[in-house]
Amino acid sequence: MEEVNKEQQEEGSMVIDLGSIDTQRLFVGGENKQSLYVNSLSSREMESLTAICDTLFPSVYGSNMMAAAADDGYTNSISSFYRSSASMAGTPQRVGGLFCERVQHPKKWLIRLTLYVLSTWIGTFVLCGFASMSPSFPFFLRFSQISQRKRERILLSWSTSFFYLLRMLFKSIKLVIPLVFFSQVDEKNENLTWKAIGYPGPDPAALKRQTQTCRLPNTMYTSLKNDDDDDEHGCKEEHLFGPLYRGLINLNLPRGRVADSLRQIGFPVSIRRGNNISSSRDFSSSNPSLVIKCDAVVVGSGSGGGVVAGVLAKAGYKVVVLEKGNYFARNNLSLLEGPSMDQMYLGGGMLATDDMGVIVLAGSTVGGGSTINWSASFKTPQHVIKEWSESYDLELFDSKLYKEALDAVCEKMGVQSDFVEEGFNNAVLRRGCEELGYPVNTIPRNSAPDHYCGWCCFGCKDGTKKGTCETWLKDLVDSGNGAILPGCEAIKVLHERKKGKDRRAASGVAFGFENNGVKELCVVESKVTVVACGALSTPAFLKASGLKNANIGKHLHLHPVTMAWGYFPEAPHSATAWPEGQKKSYEGGIMTAMSTVVSNANKSGYGAVIQTPALHPGMFSGLIPWVSGADMKRRMCRFSRTAHVFALARDRGSGTVSSPSSINYRMDAEDEKNLQKGLEKTLRILAAAGAEEIGTHHSTGKSLNVKAVGYREFERFVKEESARPLRDLTGQICSAHQMGSCRMGVNPKESVVNQTGETWEVEGLFVADTSVFPTALGVNPMVTVQAIAYCTAQSDKQATPNSRQNTFYAHVSPPMPRPKSRFLRELSRRFRIANNKGRCHHSLKGLKNSILDH
């Protein structure tokens, strides 16, 4: 009986230790607010920043303008919105904190220098010209002393200035300040603008469900510990904490409790005195505070790392997953745009290329991009498979094995193409294409047909979007063979020279984490090391680990995107209004429709696909043109009925990446032409669908009232707007897909990894993310990267009979709890022997060769 009680106590302790990554944030009443960063700007810099913020969002008085905007009946809220300025909302202080602590960009110094210069009359005159002068003494004014009307003209001139740095400066402030203004929340998780623009904030249905589920934390803990029914017990825990709660390790706990939690899962752990580290480069891997031993360590938990971890763990191997981001269970999701982007996106959702030419979005949370993506689940297009297998000699992609991998990952994610109801943006895209005779297809998604949620870019509230947290990482945890360590930063891959080997062999990963304000170092010793940090972070990690391959960080593709918009008045009293009055731009499945009308330019396999985005108020305001404070507020009052459609190019051009905060990318001229063709089609689609007004994101802010013009004027507008340059910072280019920065190939002169995903330089070191793509893909990459990672994860490799290089690639077969083949049984036996005797085989390939030698 004592043993039983002890076992129950240990299980209860494990739930709290492993599942409570941040227990105060598991409930609606918890701290789910946007982080407030320390603002260290000087008073002079803040004077200029406040003036800029209030120039973008001033107090606007004028009954005619407010009456015109009040077409939704919310006259009081709209009046309050127009009369509120950025400084009244506290936006300058929040923006200052972001610039000081959150924004990481090589040109950040330009912002601070500009703010200081604008606080002087001579600096203001240099940047603003004669518009900064006054007819009366003292004649020369600081920026904050200039009238609102003149400040608006100055900022607008920067947006199209001859000087590149001024255009870059305008781009920076135009992205960050609106994003903060429309996404910041008060103590009630509300924003003063939301009612006026017709936005509810977090998904009301999700909030209601969270409130019903998570009322009494103390009662919940008691029920978790005392419930005798294991199935019911596990169901409650999973509902409250998410499906991964049993495998999460809270590194903020004392070392002894962390070690005990890992030992309960079966990992050998040793606690040492260790050294504290002041930075990621200041460490001694010979003196860590914790040493964890396992079969495989995976850095990253997204569509690449999550798949590898799940497959290996289910096959019986002990796997440790290191993740830089944090874990947010279903009931822990705030679904607030500002806090969610800050907590779940790389760089807080404010990454951009070095010249501000492309705004870059990438996930940084447990589950990676699969947690916050838009559900689109395309198999690798056939023309891409042909190009990779024939032009790049990568026979893996045209093999039966890869086809089986595509089927396996789609089945795991429940990919299907049906939908019960189509959301606002996609309904517009579909109708416009049908009216024009353009091809329009239904996008396969990893969610159910009735999944009607526009907030999935902040995590899926009910778990029906099958990202890695709901699939592969769940396999990892359910197998009892895996642990996930969120909130830690991988520092370098450990590798050593083995006697008789031509190249070094990976032996694990050193990582750091912050515990009560103190940075500590840990080491994971492993036989196989898998890097899956994403195309923006993997190159920097490999270089920090001592790899010298010249291709690391090169050949970066971004799938550049440009958008057009169309306004569809709500017309609440009209029975014929379309889309229906209750439909809003931020609701519904994010992606269900797509057109390929310009996807195959000149039959080259390169072109642009046309799809729809997820834009909540912050990102919406950061992208749409700004021509004046009043005009911006008018546009935002139309937010909920403004549809966006975009063209996404399969880019031939490429860039380089040194780190997520240092991305160099210049769009190729052919890619620009393909995007311009796509932009022309999007404008026509919006008009054909019935938009009253259409436009693009060009800085001039031109728009056209389609209902009030004739055919010739419409054609002239469409051709002029779609022909505008896209590479000169006068428009908005975005990227949600990054790939190719550690590409796969058949020789080390042109690639970083071989067809198994193993690096050319270090044995036992594999890469399994979008960075291995040989070229841009042309469609959403989730299924393709999962299929590649699935192949990489397989331990049974077979020779390709017709391979010129005699390379090996992964044999795709369903992962088995217990290996059945003689080879796999022997492989498992060798792993056990290596563990028992302390011998270290450093890669699956090395193990295979060792077995075959015998």
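How far apart do the end C-alpha atoms of residues 109-133 lie, and how much of the span is helix and how much strand? In this predicted model, the two end C-alpha atoms are 27 Å apart, and the span is 72% helix and 0% strand. The unreviewed UniProt entry annotates residues 109-133 as "transmembrane region".

Just past the end of that span comes a cis peptide bond, which joins Phe137 and Pro138 with an omega of about 10°. Pro138 belongs to the loop between α7 (121-128) and α8 (148-159). Another backbone feature is found at Ser375, a residue other than glycine whose phi is positive, near 80°. Ser375 sits in the loop between α17 (369-372) and α18 (382-391). As background, most residues other than glycine have a negative phi, and most peptide bonds are trans.

The strands can be followed next. Five of them form an open sheet with parallel pairing, in the order β8-β4-β3-β12-β23. The edge positions are taken by β8 (482-486) and β23 (765-767); each has a single partner strand, so one side of each is left without a neighbour in the sheet. From one strand to the next, the twist averages 20°. At the β23 edge, the partner is β12 (residues 528-531), and the two strands pair in the parallel sense over three bridges. Within this pairing, Thr529 is placed opposite Leu765 of β23.

A further set of pairings involves β9, β10, β11 and β2. Strand β9 (residues 489-497) runs antiparallel to β10 (residues 504-515), and eight bridges join them. Lys492 faces Ala510 of β10 across this pairing. The hairpin of β9 and β10 has six residues between its strands, and Gly500 in this hairpin has a positive phi near 85°.

Strand β10 is also joined to β11 by eight bridges, again in an antiparallel arrangement. Here Gly512 has Leu521 of β11 as its bridge partner. Two residues lie between the strands of the β10 and β11 hairpin, where Asn516 takes a positive phi near 55°. Strand β11 pairs with β2 as well, but in this case the strands run parallel and are joined by four bridges. Val291 has Val523 in β11 as its bridge partner.

The loops that follow β2 and β11 are linked by a side-chain contact. Side chains of opposite charge can pair when their charged atoms come close. Asp295 and Lys527 form a salt bridge, with an N to O distance of 3.1 Å. Asp295 is in the loop between β2 (290-293) and β3 (296-299), while Lys527 is in the loop between β11 (518-525) and β12, so the pair links parts of the chain 232 residues apart. Over the whole structure, a search finds 26 salt bridges.

The last stop is a pair of helices. Helix α25 (residues 669-688) packs against helix α26 (residues 711-722) at an angle of about 145°, and their axes are 8 Å apart. Their crossing is right-handed. On the α25 side, the contact is made by Gln676, Leu679, Glu680, Leu683, Arg684 and Ala687. On the α26 side, Phe714, Glu715, Val718, Lys719, Glu721 and Ser722 take part. Sorted by class, the contact of α25 with α26 has five nonpolar, two polar and five charged residues.

Methods:
Residues numbered from 1 in each chain as written. Predicted model: local features only at pLDDT ≥ 70, side-chain atom pairs only at ≥ 80, totals over all residues. Heavy atoms only, no water. Pairing = 2+ DSSP bridges. Axes fitted to C-alpha atoms, helices over the stretch in contact; angles between N-to-C directions. UniProt positions renumbered as here; feature names shortened; annotations may be inferred. Left-handed = near helix turned anticlockwise from the far one by under 90°. Contact = heavy atoms within 4.5 Å. Nonpolar A, V, L, I, M, F, W, Y, C, P; charged D, E, K, R; others polar. Salt bridge = Lys/Arg side-chain N within 4 Å of Asp/Glu carboxyl O.
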